[in-house]
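Please load the model in your viewer and keep the sequence panel open beside it, since each stop on this tour begins with a selection.

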Amino acid sequence: MLPEETPPAENPLSPGRILPALASGIKMISMAFFCESHTATAVRAPFANGVIAQFLQKVEWGELDLLVIDFPPGTGDIHLTIAQESRVSGMVVVTTPQEIALLDVRKAVHMCHQMRLPILGVLENMSYWRDPTTGQKVHLLGQGGGQKLCAETGIPFLGEIPMEASLSQTADRGEDIFTVFPACSAADALLQACQKILEHATWLEQMEGRYLKNFELVWQ
């Protein structure tokens with residue numbers, strides 16, 4: 001989804017340091033750059049943890065507006081390592097509407113609470129499909145799962161991302177949906193969610209250093 005303009009490379013001025021890849025001006029790093037194409041990246045936890053530590057500490061990130069870490073699903077060793085090795089400003093929990101997905105997502109929320117990681121909000125993906133003939137929303141995977149989770153936990157709800165061909169097509173082609181399909185519902189929903197994430201992250205930064213009872217945040 002992020003085709004590199006420039007691949008990662010060792011910094012010639014600082015041996016042992018890595019210059020990140022560039023994709024549409026976005027700095028990025030991934031295990032995919034260091035594995036052969038079409039091969040599985042099955043590694044044991046100690047090795048994976050070492051790679052993560054290198055990505056955080058050995059990559060020449062320079063000045064960044066945001067550092068976004070795309071976690072794998074679950075609540076495993078990788079999540080613990082990233083939480084310990086980096087200063088995480090906040091987590092975005094992504095779910096789909098059906099109850100079977102919420103079972104795992106609740107565990108992720110519990111892990112964040114245990115590790116005292118603030119949660120910026122819950123984003124519901126594949127929320128609905130809009131019938132092109134009637135314009136009605138069709139909830140193929142159930143309805144309201146993300147909002148239900150927010151009601152249970154008091155976490156802010158960031159929005160619903162619809163199922164749209166434009167979203168999967170641009171992702172598959174490594175294109176920017178906001179440029180190719182700026183008026184589509186998915187692009188609008190993503191922009192609104194990003195705005196909420198930034199607002200909540202700013203609020204959390206202002207609250208840093210204060211003790212919050214049970215680390216539960218109440219949003220106005």
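Begin with the second largest pocket of this predicted model, for which the computed volume is about 160 Å³. To display its lining, select Leu123, Tyr128, Leu158, Gly159, Glu160, Ile161, Ser185, Asp188, Ala189, Gln192, Ala193 and Lys196. Two elements, strand S9 (157–160) and helix H7 (185–207), each give two or more residues to this lining, and H7 supplies the largest share, with six residues. If you colour the lining by class, you will find six nonpolar, three polar and three charged residues.

Next, keep Leu123 of the lining selected and extend the selection to the whole of strand S6, residues 119–124. Is S6 largely enclosed by the rest of the structure, or is it open? Six of the six residues of S6 are buried, so the strand is largely enclosed by the rest of the structure.

Now add the strands that pair with S6, taking S5 before S9. Strand S5, residues 91–95, runs parallel to S6 and is joined to it by five bridges. Two of the pairings can be picked out individually: Val93 has Val122 as its bridge partner in S6, while Val94 is partnered by Leu123, a residue that also belongs to the pocket lining. S9, which you met at the pocket, pairs with S6 in the parallel sense as well, over three bridges. Centre the view on Val122 to see both pairings at one residue, for Val122 is the bridge partner of Val93 and stands opposite Phe157 in S9.

Stay with S5 and show its side chains. In a regular strand the side chains alternate between the two faces of the sheet. In S5, the covered face carries Met91, Val93 and Thr95, whereas Val92 and Val94 lie on the uncovered one. Of the two bridged residues picked out above, Val93 therefore belongs to the covered face and Val94 to the uncovered face, as the alternation leads one to expect.To see how S5 and S6 are connected, add helix H3, residues 99–114, to the display: S5, H3 and S6 together make a right-handed β-α-β unit.

For the last stop, select Asp172, which is found in helix H5, residues 165–173. Is Asp172 buried or exposed? Its relative accessibility is 70%, and because exposed means over 50%, Asp172 counts as exposed. Finally, add Leu2 to the selection: Leu2 and Asp172 are 170 residues apart along the chain, and their C-alpha atoms are separated by 9.6 Å.

Notes
Residues numbered from 1 in each chain as written. Predicted model: local features only at pLDDT ≥ 70, side-chain atom pairs only at ≥ 80, totals over all residues. Heavy atoms only, no water. 1 Å grid on protein atoms, 1.4 Å probe; cavity = no way out; pocket = protein on both sides within 12 Å on 5 of 7 lines; lining within 4 Å. Points joined across faces, edges and corners; volume = space filled by probe spheres on them. Helix = DSSP H or I, 4+ residues; strand = E, 2+ residues; numbered from the N terminus. Nonpolar A, V, L, I, M, F, W, Y, C, P; charged D, E, K, R; others polar. Buried < 20%, exposed > 50% of the residue type's maximum accessible area, 1.4 Å probe, protein only. Pairing = 2+ DSSP bridges. Right-handed = clockwise from strand over helix to strand, strands pointing away.
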